[in-house]
Amino acid sequence: MLCFDLIRGSIPSSMDRRKSREESTATGASPPQKISATEALIVNLLCVVGLGLAFCVANKGYSFDLVTDPSRTLFFIWIIELPIVILLFSRYRQNRQLCTYLGAVGRGLLGLPLGALLNSLGAIALGAPVTFQYLQKTVQWSLMMSLFTIVPASSVLGFSWTDWRRIFAQTKPNGSVEYLICLPAHGAVIGGWFGAWPMPLDWEKPWQEWPISVSYGAIAGYLVGVVASCGFVLAHGRSKHVKRD
């Protein structure tokens, strides 16, 4: 009788698990990606190396920087960093049954101009100049900001509006990969906002011109977010181990 009760009790459990898997497949839902702190460090380190490489190419190869030639420097930043970010974050795409690696790469590429449009509109709404003189600078800055904020999320999350709202509007990342998306993106936006403060001051410094100080602030904020995301991933992993013990 005991054996019969165990078998009978296991039938609903197995049916529930199968039903849960079927519902997950039907809705396209998937658990958040989990990576180790070491892997998160490697991903962030490669992104930072790409950023440093862009500055090195601009400065050592072509003898200009953000102050002397912001448009071309920003171009080097996003054009060198773009393949690194997309190829790395596409590995952690959600809904692997429904989205291939190349599909995630395509989503990241699509997110670049869309994110640039959103960032440029936001900057203009907050007072960025709209004259033709600054058009190229604004476009290049917007592409860099899109790379920091929108492209990683596009590759990983796709068109899941619920996840986008949770990460960017509510700031509630769930899982290691989402920390790598959320914190650098918020850091870049907050850093850019702080970087805009010196622009209206009458110091008459060349770096006060749009979008030089804003770019420096965004890059600094992005780097702070990168470091913070590694710390959160490490803390998140330790808390999981403590709960398991």
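In the predicted model, the count of salt bridges comes to 5. One of them joins the side chains of Arg 91 and Glu 39, with a nitrogen-to-oxygen distance of 3.5 Å. This pair connects distant parts of the chain, since Arg 91 belongs to the loop between α3 and α4 whereas Glu 39 is part of helix α2, and 52 residues separate the two. Arg 91 has a relative accessibility of 39% and therefore counts as partly exposed. Glu 39 also falls in the partly exposed class, because its relative accessibility is 26%.

A further salt bridge is formed by Arg 72 and Asp 69, whose closest N and O atoms are 2.7 Å apart. The two partners fall into separate classes of accessibility: Arg 72 is partly exposed at 43%, while Asp 69 is buried at 19%. The class of Asp 69 follows from the cut-off, because buried means under 20% relative accessible area.

Glu 209 and Lys 137 likewise meet through their side chains in a salt bridge, at 3.1 Å from N to O. Here too, distant parts of the chain are linked: Glu 209 is located in the loop between α8 and α9 (212-244), Lys 137 lies in helix α5, and the residues are 72 positions apart. The relative accessible area of Glu 209 is 31%, so this residue is partly exposed. Lys 137, by contrast, counts as buried because its relative accessibility is 15%. In addition, Asp 163, Arg 166 and Glu 178 are joined into one network by salt bridges that share partners.

A nonpolar patch on the surface is made up of Val 67, Leu 201, Trp 203, Trp 207 and Tyr 216, which together present about 450 Å² of accessible area. Within this patch, Val 67 is situated in the loop between α2 (37-62) and α3 (70-89). A relative accessible area of 31% makes Val 67 partly exposed. Membership of a patch requires over 30% relative accessible area, so Val 67 at 31% meets this condition.

According to the unreviewed UniProt entry, the annotation "transmembrane region" covers residues 41-62, 74-92, 112-135, 141-164, 176-196 and 216-235. Two of these segments were examined for their conformation in the model. Residues 41-62 are 100% helix and 0% strand, with the end C-alpha atoms 31 Å apart. For residues 141-164 the helical content is 83% and the strand content 0%, and the end C-alpha atoms are separated by 22 Å.

The largest pocket contains about 870 Å³ of space. Its lining consists of 35 residues, and those nearest the centre of the pocket are Leu 118, Asn 119, Gly 122, Met 145 and Val 189. Two or more lining residues are contributed by each of α4 (101-125), α5 (135-149), α7 (161-169) and α8 (176-195). Of these elements, α4 supplies the largest share, 9 residues.

The structure also holds 1 cavity of 30 Å³ or more. The volume of the largest cavity is about 70 Å³. Residues lining this cavity include Asn 44, Cys 47, Val 85, Phe 89, Leu 147, Phe 148, Pro 152 and Tyr 222, together with Leu 180, Ile 181, Pro 184 and Ala 185. Helices α2, α3, α5 and α8 each give two or more residues to the lining of the largest cavity. The greatest contribution to the lining of the largest cavity, 4 residues, is made by α8.

Key: Residues numbered from 1 in each chain as written. Predicted model: local features only at pLDDT ≥ 70, side-chain atom pairs only at ≥ 80, totals over all residues. Heavy atoms only, no water. Patch = residues over 30% accessible without salt bridge, like charges linked within 9 Å, V, L, I, M, F, W, Y side chains within 5 Å. Areas by Shrake-Rupley, 256 points an atom, 1.4 Å probe, with all protein chains shown as cover. Salt bridge = Lys/Arg side-chain N within 4 Å of Asp/Glu carboxyl O. Buried < 20%, exposed > 50% of the residue type's maximum accessible area, 1.4 Å probe, protein only. UniProt positions renumbered as here; feature names shortened; annotations may be inferred. 1 Å grid on protein atoms, 1.4 Å probe; cavity = no way out; pocket = protein on both sides within 12 Å on 5 of 7 lines; lining within 4 Å. Points joined across faces, edges and corners; volume = space filled by probe spheres on them.
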